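Hi,

Here is the structure I promised to pass on to you. Have a look at it first, and my notes on what turned up follow below.

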Amino acid sequence: MVLRFGFSDRSQKTVTSILPILKNQPISTMKNILSISVLCSISMLFSQTPTTKINGVTIKKQHEVDTVQVSINSTYFLLGTLNDYINHHYASKKNQFDRYYDFEKPLMKYVDSIAKKDFNITLMEDKNVFFSEELSNEMNAFYAGTSLDEQQFKSIEKKLSFLLGVYYRNGEKINEQIYKIQLANSPKHKTVCAFLNELNCPKIFFKRLDNIPTIYQIYFQPTEIMKKYFATIETEKEKLFNSQLDSFSSLKISKADYKKEMERESLEVIKLFEKK
């Protein structure tokens, strides 16, 4: 059975299931921690035109071999990595590309490498904030007010590249059949859910935690081609996760406690998926 969660402002989507309430994570860790787990290492190259090609499968029929290949669009990938806390323009400075937490240095390094390689742009950095007039204007053009303009995502490649960027910064692989994206105070969760739905993920569960900040958790069973896209970023995700763990010395939670909490939550989610 395909289970999806619809939003009230998207009348064409039907609510067929709502995620049962799971136990809340500690509020003190919500603001500073993005749940990202250590996964397999696979290297890749990005570009504005398709360069990375991996044999894939069709989107609509998961087990039917097809000619679909992994082709990552760097513009839409970078768009997916953006913080978008509260909204894209919140606390934004002139020519600001994006802002980062202290533990996101590996993410900053990787984003900077893409800007240099694929856009021939050197990002200026000041206190964990990247600046670039050209890239800032390019990212701003994707927004209609505080929300993303989904009409600009006309191809499967663009949607998958965007989801890859979101997964890199805010994602977690629970097991081979269950992935998670967690966003804080971000309207981007609506676009993520919409694209997962449009790309035919068999199961999608949504949960909102009314903490400070508000947390949006999206659990989903990815398609096979989606898994191949996500696999290309695992080496960089591992660096980001390790940096996150190293930052725990300044937080009121130990590495062991954090890992235990992740394992506990994962078991609950696995049980939830097994019931459906």
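Phe-220 is a good place to start in this predicted model. Apart from its neighbours within four places in sequence, Phe-220 is in contact with Gln-177, Ile-178, Tyr-179, Lys-180 and Ile-181. Its contacts also include Leu-196, Cys-201, Lys-203 and Ile-204, as well as Met-226, Phe-230 and Phe-273. In the largest nonpolar core, which has 53 residues, Phe-220 is one of the three that touch the most other members, together with Leu-79 and Phe-97. There is also a second, separate core of 7 residues, and Phe-205, Tyr-219, Val-269 and Phe-273 are among them.

Leu-196, one of the contacts of Phe-220, takes us to helix H6. This helix spans residues 188-198, and 9 of its 11 residues are buried, so H6 is largely enclosed by the rest of the structure. The buried ones are Lys-188, His-189, Thr-191, Val-192, Cys-193, Ala-194, Phe-195, Leu-196 and Asn-197. Just after H6, Asn-200 has a positive phi of about 70°.

Now to the cysteines. Cys-193 has a relative accessibility of 4%, and because buried means under 20%, it counts as buried. Cys-201, another contact of Phe-220, is buried too, with a relative accessible area of 0%. A disulfide is a covalent bond between the sulfur atoms of two cysteines. How many disulfides does the structure hold? The count is 0.

Next, the sheet. Three strands make up an open sheet in the order S3-S5-S4, with antiparallel pairing. S3 (96-99) and S4 (124-125) are the edge strands, each pairing on one side only. S4 is joined to S5 (residues 129-131) by 2 bridges, and Glu-125 stands opposite Phe-130 of S5. Helix H3 lies across S3, S4 and S5, and runs at about 10° to S5.

H3 has a helix partner as well. H3 (residues 105-119) packs with H8 (residues 234-246) at an angle of about 145°, and their axes are 8 Å apart. On the H3 side the contact is made by Pro-106, Leu-107 and Tyr-110, and on the H8 side by Glu-236, Lys-239, Leu-240 and Ser-243. By type, the residues of this contact are 4 nonpolar, 1 polar and 2 charged.

Happy to talk any of this through whenever suits you.

Best wishes

Terms used. Residues numbered from 1 in each chain as written. Predicted model: local features only at pLDDT ≥ 70, side-chain atom pairs only at ≥ 80, totals over all residues. Heavy atoms only, no water. Buried < 20%, exposed > 50% of the residue type's maximum accessible area, 1.4 Å probe, protein only. Helix = DSSP H or I, 4+ residues; strand = E, 2+ residues; numbered from the N terminus. Axes fitted to C-alpha atoms, helices over the stretch in contact; angles between N-to-C directions. Contact = heavy atoms within 4.5 Å. Nonpolar A, V, L, I, M, F, W, Y, C, P; charged D, E, K, R; others polar. Disulfide = S-S within 2.5 Å. Core = buried A, V, L, I, M, F, W, Y, C linked by side-chain atoms within 4.5 Å. Pairing = 2+ DSSP bridges.
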